[in-house]
Amino acid sequence: MTAFTRRAAIAAAAATAAGAAAPAWAQFKAAPGDMSLGDPKAPVHVVEYLSLTCPHCAHFHADVFPAFKAKYIDTGRVHFTIRELLTAPAQVAAAGFMLARCDGGKNYFKIVDEVFRSQARWQGGSIKPIFVEIAKNNGLTEAQFEACITDPKAQEALQARLEYATGTDKVTGTPTFFVNGVQLPNQETPTLADLDAAVARASKSTGRR
């Protein structure tokens, strides 16, 4: 598990509880800047906190996530949400997230995947040319990339997401997973079997399979 790099003193925020009569999917409120896949009314909501500089997160998305997506997200059984956290080097993770949100975030998940896959190339020197290459692969110019990562409003929005992560969800490292609001043990990156068990428990509690 990769430790969180604190950027500033974070004010705690209070989460609003959903009414007891609400359906299971309605109990899990959106956080600032959530990026999601799948049916928002699925009976199970899985949240992953990740950092683009976290090698454990990259491993999960290369080796576990494709099978998880096919089994649960693509079949309408799980609504999956990414929330962002920064791990060292924090400036690289921040640039990657702001790149992923360029052009309204329409290629967010594709860019996240490409940044993860590029981690093995970071040892050779500057990371910026690699990010520019990813930007161009997704229809952006180098000037647009520069504008995205230096945009004050984008930086403020990222800070708000980090404040929610640490202040409301009390997340301290990546990857961290919540399944229907219950945090999974995060000493290790979860396997597909770990997620199978967590989804089964959550599905049983909602009465939907």
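Strands are DSSP runs of E at least two residues in length, and they are numbered from the N terminus. These legends describe a predicted model.

**Figure 1. Overview of the protein, with its 8 helices and 7 strands.** The protein has 209 residues, and buried residues make up 46% of them. Among contacts between residues at least 6 apart in sequence, 75% join residues at least 24 apart. The exposed surface of the protein amounts to about 10100 Å², of which carbon and sulfur atoms supply 54%.

**Figure 2. The open sheet of 5 strands.** Strands of a sheet pair through backbone hydrogen bonds, and the pairing may be parallel or antiparallel. Across this sheet the order is S2-S4-S3-S6-S7, and the pairing is mixed. Strand S2 (35–37) and S7 form the edges, each pairing on one side only. Strands S3 (residues 44–50) and S4 run parallel and are joined by 7 bridges. Glu-48 has Ile-82, a residue of S4, as its bridge partner.

**Figure 3. The largest cavity and its lining.** The model contains 2 cavities of 30 Å³ or more, and the largest encloses about 60 Å³ of space. Which elements supply at least two residues each to the lining of the largest cavity? They are strand S4 (78–84) and helix H7 (152–167). Ile-82, the bridge partner of Glu-48, is among the lining residues of the largest cavity. Others include Ala-31, Pro-32, Gly-33, Asp-34, Tyr-49, Arg-101 and Tyr-164. By class, the lining of the largest cavity comprises 6 nonpolar, 1 polar and 5 charged residues.

**Figure 4. The second largest cavity, with Asp-103 in its lining.** This cavity has a volume of about 40 Å³. Its lining is made up of Cys-102, Asp-103, Lys-106, Asn-107, Ile-111, Asn-138 and Leu-140. Sorted by class, the lining residues of the second largest cavity are 3 nonpolar, 2 polar and 2 charged. Asp-103 belongs to the loop between H3 and helix H4 (108–118). Is Asp-103 buried or partly exposed? Asp-103 counts as partly exposed because its relative accessibility is 48%.

**Figure 5. Positive phi values at Asp-103 and Asn-180.** Most residues other than glycine have a negative phi. Asp-103 is not a glycine, yet its phi is positive, near 55 degrees. Asn-180, likewise not a glycine, has a positive phi of about 50 degrees. Asn-180 is located in the loop between S6 and strand S7 (182–183). Residues under 20% relative accessible area are classed as buried, so Asn-180, at 12%, is buried. Asp-103, by contrast, is partly exposed.

**Figure 6. The cis peptide bond between Ala-88 and Pro-89.** Most peptide bonds are trans. The bond from Ala-88 to Pro-89 is cis, and its omega is near -10 degrees. Where is Pro-89 placed? Pro-89 is in the loop that runs between S4 and helix H3 (90–100).

**Figure 7. The cis peptide bond between Thr-174 and Pro-175.** The omega of this bond is about -5 degrees. Pro-175 occupies the loop between strand S5 (173–174) and strand S6 (176–179). Strand S6 is also a member of the open sheet, where its place in the order is between S3 and S7.

Note on methods:
Residues numbered from 1 in each chain as written. Predicted model: local features only at pLDDT ≥ 70, side-chain atom pairs only at ≥ 80, totals over all residues. Heavy atoms only, no water. 1 Å grid on protein atoms, 1.4 Å probe; cavity = no way out; pocket = protein on both sides within 12 Å on 5 of 7 lines; lining within 4 Å. Points joined across faces, edges and corners; volume = space filled by probe spheres on them. Helix = DSSP H or I, 4+ residues; strand = E, 2+ residues; numbered from the N terminus. Nonpolar A, V, L, I, M, F, W, Y, C, P; charged D, E, K, R; others polar. Buried < 20%, exposed > 50% of the residue type's maximum accessible area, 1.4 Å probe, protein only. Pairing = 2+ DSSP bridges. Contact = heavy atoms within 4.5 Å. Areas by Shrake-Rupley, 256 points an atom, 1.4 Å probe, with all protein chains shown as cover.
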